[in-house]
Amino acid sequence: MDKGDRDPGFGFFSGLMLGTIVGAALAIVLAPGSGEETRDYIRGKAHEAKNRALDLAYDVRDRAATVADDLRAQADQLSQMGREAYDGMRSKMNDAVDAGRQAAQSKIDEMRSEQ
């Protein structure tokens, strides 16, 4: 897959997650507060990250459902077009067979009348 084919949201999300991890690590190391305050802060940030991840998961699920619906509609349309093409070709074939039968019967009748 080319880099141009990737979803731009994937790059953003990857950067967001990396920034969150690096920021959390720096916050732990450089935290001016007590250990309890730092743990509370980290819990809060983890909760926020979890909520963002859940929101993203719901968005992805909705987008996948929309794409699936679109693909289903396109498949139905292609199926209908295939049925119409088949029915048209079958009709033309039946017409050609009927014309051949009529021509053969006509030739048979012509040959009988010459005898």
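This is a guided tour of one structure, moving from the whole chain to single residues.

**The whole chain**

Begin with the entire protein in view, keeping in mind that this is a predicted model. If you colour by secondary structure, you will find two helices and zero strands. The radius of gyration is 35 Å, well over the 13 Å that the globule rule gives for 115 residues, so the protein is more spread out than a compact globule. Turn the C-alpha trace along its principal axes, and it spans about 120 × 25 × 10 Å.

Next, switch on the surface, whose accessible area comes to about 9900 Å², with 60% of that belonging to carbon and sulfur atoms. How much of the protein is made up of buried residues? Buried residues account for 2% of the 115 residues.

**The second largest pocket**

Now select residues 8–30, which form helix H1, together with residues 35–114, which form helix H2, since each of these helices supplies at least two residues of the lining of the second largest pocket. Rolling a probe the size of a water molecule over the atoms shows where empty space is left. The volume of this pocket is about 150 Å³.

To display the lining, select Thr-20, Ile-21, Gly-23, Ala-24 and Ala-27, and then add Tyr-41, Ile-42, Lys-45, Ala-46 and Ala-49. Sorted by character, the lining residues comprise seven that are nonpolar, two that are polar and one that is charged.

Pause on Ala-24, which is found in helix H1 and is one of the residues lining this pocket. Because its relative accessible area is 32%, Ala-24 is partly exposed. From here, draw a distance to Ala-99: the two residues are 75 apart in sequence, and their C-alpha atoms lie 82 Å apart in space.

**From the pocket to a salt bridge**

Select Lys-45 next, which belongs to the lining of the second largest pocket and also forms a salt bridge with Glu-48, the closest N and O atoms being 3.6 Å apart. Side chains of opposite charge can pair when their charged atoms come close. Lys-45 and Glu-48 both lie in helix H2, where they are three residues apart, about one turn of the helix. Is this pair buried or exposed, or something in between? Lys-45 counts as partly exposed because its relative accessibility is 36%, and Glu-48 likewise counts as partly exposed, at 38%.

**Further along helix H2**

The structure holds eight salt bridges, and two others can be visited by following helix H2 onward. Show the side chains of Asp-87 and Arg-90, which form a salt bridge whose closest N and O atoms are 3.6 Å apart. Because they are three residues apart in helix H2, Arg-90 and Asp-87 are separated by about one helical turn. Arg-90 is partly exposed, with a relative accessibility of 43%, and Asp-87 is partly exposed as well, with a relative accessible area of 37%.

Then move to Lys-107 and Glu-110, whose side chains meet in a salt bridge with an N to O distance of 3.6 Å. Since these residues are three apart in helix H2, about one helical turn separates Lys-107 from Glu-110. Lys-107 is partly exposed at 45% relative accessible area, while Glu-110 counts as partly exposed at 37% relative accessibility.

With these pairs shown, return to Lys-45 and Glu-48 and add Arg-52 to the selection, for salt bridges that share partners join Lys-45, Glu-48 and Arg-52 into one network.

**A last stop at Met-81**

Finally, select Met-81, whose place is in helix H2. Because its relative accessibility is 47%, Met-81 counts as partly exposed. What is the separation between the C-alpha atoms of Met-81 and Ala-99? A distance drawn between them gives 27 Å, for residues that are 18 apart along the chain.

Note on methods
Residues are numbered from 1 along each chain as its sequence is written. This is a predicted model: local features need pLDDT of at least 70, side-chain atom pairs count only at pLDDT 80 or more; totals for chains, interfaces and linings use all residues. Side-chain values use heavy atoms; hydrogens and water are left out. On a 1 Å grid over the protein atoms alone, a cavity is a set of points where a 1.4 Å probe fits but cannot get out, and a pocket is an open set with protein on both sides within 12 Å along at least five of seven lines; lining residues have an atom within 4 Å of a point. Grid points are joined across faces, edges and corners, and a volume is the space filled by probe spheres set on the points. Helices (H or I, at least four residues) and strands (E, at least two) are DSSP runs, numbered from the N terminus. Ala, Val, Leu, Ile, Met, Phe, Trp, Tyr, Cys and Pro count as nonpolar, Asp, Glu, Lys and Arg as charged, and the others, Gly among them, as polar. A salt bridge is a side-chain nitrogen of Lys or Arg within 4 Å of a carboxyl oxygen of Asp or Glu. Buried means under 20% relative accessible area, exposed over 50%, partly exposed in between (1.4 Å probe, protein chains only). The radius of gyration is taken over C-alpha atoms; the globule rule is 2.2 Å times the number of residues to the power 0.38. Accessible areas come from the Shrake-Rupley method with a 1.4 Å probe; for residues, only the protein chains shown count as cover.
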